[in-house]
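Please examine the sequence and the structure below. The report that follows describes how strands, helices and chains are arranged.

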Amino acid sequence: MNALLEQYLAETRECLDAINPLILRLERDPTDDAAVGELFRLVHTLKGNSGLFEFAEIIRVLHAAEDLLDQVRGRVTEYSSRLADRLLEAIDFVERSTSGIADNPEAAPGDPVEAKAIADALRALMGTPGGAGDDAGPAAGPTIATEWLNALPPAARDATRSATAAGARVHAVTYIPDAGCFYRGEDPFFTIRQLPEIIWCDIAAPTPLPPVDEIDAFACSLAFRCLSTATVDDLLRRLRYVSDQVAITELADTDRSAAPSARATRDEPVASLRVEQRRIDRLMDLIGEMTVSKNALPYLAARADAGASPRDIARDIKAQYAVIHRITQALQDAIMQVRMMPIGTVLARFPRLVRDTSAKLGKQVKLVLEGEHTEADKTVMEALADPLIHIVRNSLDHGLEMPADRVASGKTACGTIAITAQQDSGRVLLRIRDDGRGIDPVAIRRKAVAKGVITAEEAGSIDDREAINLIFTPGFSTSDTISDLSGRGVGMDVVRSAIEKVRGTIRLDSVVGQGTSIEISLPLAMAVTSVVLIETDGQLFGVPVENVIETVRIAREAIHGFGSVRTISLRGRILPIKELNGLLGLPAVPRANAQGELAVLVATIGGRPVGIVVDDFRGTAEVVQKPHAGVLAAISAFSGSAVMGDGSVLMVLDLAELF
Amino acid sequence: MSIILNHLEATFSDIVAISDADIVLEWVQQNQGVSVDLSACSHLHPAVIQILLASGACVSAWPTDPDLARWLSILRANPGSDQ
């Protein structure tokens with residue numbers, strides 16, 4: 001992809017991101033002139049940029065949007081929810097079309113038929129300009145009626161059949177010139193006769209013509225219709241000056257619809273990152289410092305050569321190490337900063353999602369976003385997007401009640417979903433709160449038992465909070481009916497595993513009748529992992545600190561066996577335990593220490609504590625974990641590996657996969 | 001001149017432009033049951049087409065240009081003509 005196109009795509013992305021919230025802002029306050037002006041400017045910029053590449057369909061849609069917004073700006077047309085819907089559709093179209101460019105830069109972006117429909121819908125909302133000199137063609141372009149296609153004349157049907165039998169794609173062109181076209185010196189009949197590969201054609205009078213004594217011969221009242229086997233692009237190009245009066249429809253031909261898309265596999269678009277200049281400057285400064293401190297090493301070597309005492313040399317090396325250590329730490333921090341992005345970029349889509357979904361459900365919902373500037377690593381943010389959508393949809397669908405039900409239970413008709421983000425000691429805390437009906441632990445217990453997620457005894461022993469957190473268990477779905485919105489066969493367990501994949505945790509609190517709150521805690525960055533080092537059968541392994549609750553020593557006799565299940569009692573709680581050797585397929589038995597005690601790592605797996613018997617603990621370490629590639633990637637027991645200070649390789653265990 | 005108007009039959013030839021529409025309109029308004037010979041015609045301005053259509057004029061001879069003839073199927077054939 002060339003650099004200019006890349007730039008275009010990045011800028012388009014930015015414009016679209018800015019446009020979406022403006023459309024919604026105007027919906028709340030249609031009198032916000034500043035917002036209208038800004039929206040118009042952005043759409044205008046987008047159109048101008050697209051013009052550079054002659055993306056005809058994108059331009060067509062944006063042009064219509066621009067004209068409409070110009071009318072809104074000039075108070076000719078009033079801003080309405082319907083208008084917002086149309087604008088959002090147009091913006092979605094541009095978004096889809098431009099993302100198509102990234103996948104396939106050679107194809108002309110945007111489906112002409114769809115573009116036409118969207119542009120028509122936008123233009124249909126336009127009022128008649130109040131005398132202002134409007135050069136943009138007909139103001140209120142009527143939607144082109146294509147009903148005749150539903151019942152093709154027999155000759156047209158035959159022509160279509162034989163053309164498709166010969167492997168051609170048939171497009172129907174409906175050209176309804178506007179009444180005043182003759183005055184502009186147009187000859188629509190001549191225009192349409194120039195179309196190539198016409199296999200059938202006719203002229204129709206959509207409305208019965210008046211008798212000759214009353215006819216206005218200079219107001220066009222004819223419609224021209226034809227079928228052509230030419231490509232849509234070719235047809236559109238020839239009809240480009242009258243495109244607002246033309247509808248091109250591909251005649252249904254179901255057995256060939258799968259044909260395009262065959263050559264979708266291309267080299268992957270390069271993921272790019274937009275970085276603030278000052279962050280790069282900071283990196284540059286640090287590299288400079290690094291270069292300077294590196295120069296101290298030859299000096300040290302020279303001193304050693306000259307016979308300085310080892311003690312002095314050691315002291316100098318240590319001093320120099322401290323300098324380099326400080327710089328590398330700062331470098332690491334700076335490079336992390338480069339990868340940081342504000343959570344606002346992920347949250348930006350939610351106003352739209354909430355608006356569309358609540359309208360569909362007939363609910364009134366207010367979305368509150370807080371802490372959009374909270375930053376986290378790009379990978380973490382990207383991993384957060386889908387689970388977050390799922391959670392918000394769940395709140396909209398199951399959590400918030402219908403307005404009437406809310407009023408009946410003494411709440412305001414309008415429900416609230418609040419998403420707040422904040423940084424908290426090296427982690428990002430994200431809270432999604434709704435004031436809906438909440439989750440009933442009794443119902444959850446019943447359902448969990450019915451679904452076989454837990455036994456009836458277990459249901460009795462867990463507290464309410466543990467009960468509601470069962471919704472994260474695989475195989476559990478709270479809704480009995482599968483709805484269009486949240487019940488797409490994806491349960492909350494998928495949400496949890498997605499969060500856990502980036503080493504985050506998720507927790508749910510709910511009060512019946514008052515609402516539900518979900519708290520997600522995520523690491524700020526993925527690059528550095530804290531691990532607990534454990535030894536088993538003479539080998540060292542790492543376990544991410546997030547998984548570890550505590551490390552304990554348990555006397556061998558304290559392990560009880562019930563059949564194949566072994567448990568220990570820890571502070572009055574029964575924990576299932578397993579031997580790491582067994583999990584890894586190592587034949588060795590766990591080694592006890594001099595007092596005959598076994599080392600047990602208490603970790604949380606899938607939200608429940610379990611004990612893992614290992615040989616010994618070896619402290620903690622900060623490692624830079626790399627995911628496995630190639631053959632190793634297939635071994636799910638390890639989430640990755642890291643190189644230790646002495647050059648040895650540490651394998652980091654993925655406990656959830658081991659169990 | 002691309003149109004010749006007789007009492008009940010007109011002959012159109014070459015290109016009939018919008019500038020001819022006035023004359024044709026007047027002619028159909030004054031005469032009932034008219035017909036047109038389009039055999040030598042290569043193009044008709046749509047203004048003229050809609051006048052012919054509104055007047056119920058018949059086509060006594062179809063254009064020899066097959067493309068034009070195909071387009072004009074909406075016009076009525078003369079009961080006595082070959083099409």
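In chain B, Asp37(B) stands opposite Ala61(B), a residue of strand E4(B). Val36(B) faces Val59(B) of E4(B) in the like manner of a bridge partner. The model in which these pairs are found is a predicted one. Strand E3 (residues 35-44) and strand E4 (residues 58-61) of chain B run parallel and are joined by 3 bridges. On general grounds, strands of a sheet pair through backbone hydrogen bonds, in a parallel or an antiparallel sense.

**The sheet of chain B**

E4(B) also pairs with E5(B), in the parallel sense and over 2 bridges. Within this pairing, Cys58(B) has Arg76(B) in E5(B) as its bridge partner. The sheet as a whole is open and has 5 strands in the order E1-E2-E3-E4-E5 (chain B), with mixed pairing. Why is one side of strand E1 (3-5) and of strand E5 (76-77) of chain B left without a neighbour in the sheet? Both stand at the edges and each has a single partner strand, so one side of each remains without a neighbour there. Helix H1 (residues 21-30) of chain B packs on the sheet and touches E1, strand E2 (9-16) and E3 of chain B. The direction of helix H1 of chain B makes about 20° with that of E1(B). Helix H2 (residues 46-55) of chain B lies across E2 and E3 of chain B and runs at about 160° to E3(B).

**The sheet of chain A**

Chain A contains an open sheet of 4 strands in the order E2-E3-E1-E4 (chain A), with antiparallel pairing. Its edge strands are E2 and strand E4 (246-250) of chain A, each of which pairs on one side only. On average, neighbouring strands of this sheet are turned by 15° against each other, direction ignored. E2(A) and E3(A) run antiparallel and are joined by 6 bridges; Ile198(A) stands opposite Ser228(A) in E3(A). Helix H6 (residues 154-165) of chain A lies across E2 and E3 of chain A, at about 160° to E2(A).

**Where the chains meet**

How many residues does each chain give to the contact? Chain A gives 31 residues and chain B gives 26 residues. The two chains bury about 2,300 Å² between them, and 68% of this lies on carbon and sulfur atoms. In chain A, the residues that lose the most area to chain B are Phe189(A), Arg193(A) and Val212(A), together 29% of what that side buries.

There are 10 residue pairs in polar contact between chain A and chain B, both residues being at pLDDT 80 or more. Helix H7 (188-193), strand E2 (198-204) and strand E3 (223-228) of chain A are the elements that give two or more residues to the side of chain A that touches chain B. E2(A) supplies the largest share of that side, 7 residues. By class, the side of chain A that touches chain B has 23 nonpolar, 1 polar and 7 charged residues.

**Salt bridges**

Side chains of opposite charge can pair when their charged atoms come close. The count over all chains is 51 salt bridges, and the count between chain A and chain B is 2. Two salt bridges are listed here.

| Side chains | Distance, N to O |
|---|---|
| Asp65(B) and Arg193(A) | 3.1 Å |
| Arg355(A) and Asp85(A) | 2.8 Å |

The pair of Arg355(A) and Asp85(A) links distant parts of the chain, 270 residues apart. Arg355(A) belongs to helix H13 (residues 350-361) of chain A, and Asp85(A) to helix H4 (residues 81-103) of chain A.

Technical notes
Residues are numbered from 1 along each chain as its sequence is written. Chains are lettered from A and ligands numbered from 1 in the order in which they are written. This is a predicted model: local features need pLDDT of at least 70, side-chain atom pairs count only at pLDDT 80 or more; totals for chains, interfaces and linings use all residues. Side-chain values use heavy atoms; hydrogens and water are left out. Two strands pair if DSSP finds at least two bridges between them. Contact means heavy atoms within 4.5 Å. Axes are lines fitted to C-alpha atoms, for helices over the stretch in contact, and angles run from 0 to 180 degrees between N-to-C directions. Buried area is the accessible area (1.4 Å probe) that two parts lose on being put together, summed over both. A salt bridge is a side-chain nitrogen of Lys or Arg within 4 Å of a carboxyl oxygen of Asp or Glu. A polar contact is a pair of N or O atoms within 3.5 Å; within protein, one must be able to donate a hydrogen and the other to accept it, and residues adjacent in sequence count only if both atoms are side-chain atoms. Ala, Val, Leu, Ile, Met, Phe, Trp, Tyr, Cys and Pro count as nonpolar, Asp, Glu, Lys and Arg as charged, and the others, Gly among them, as polar.
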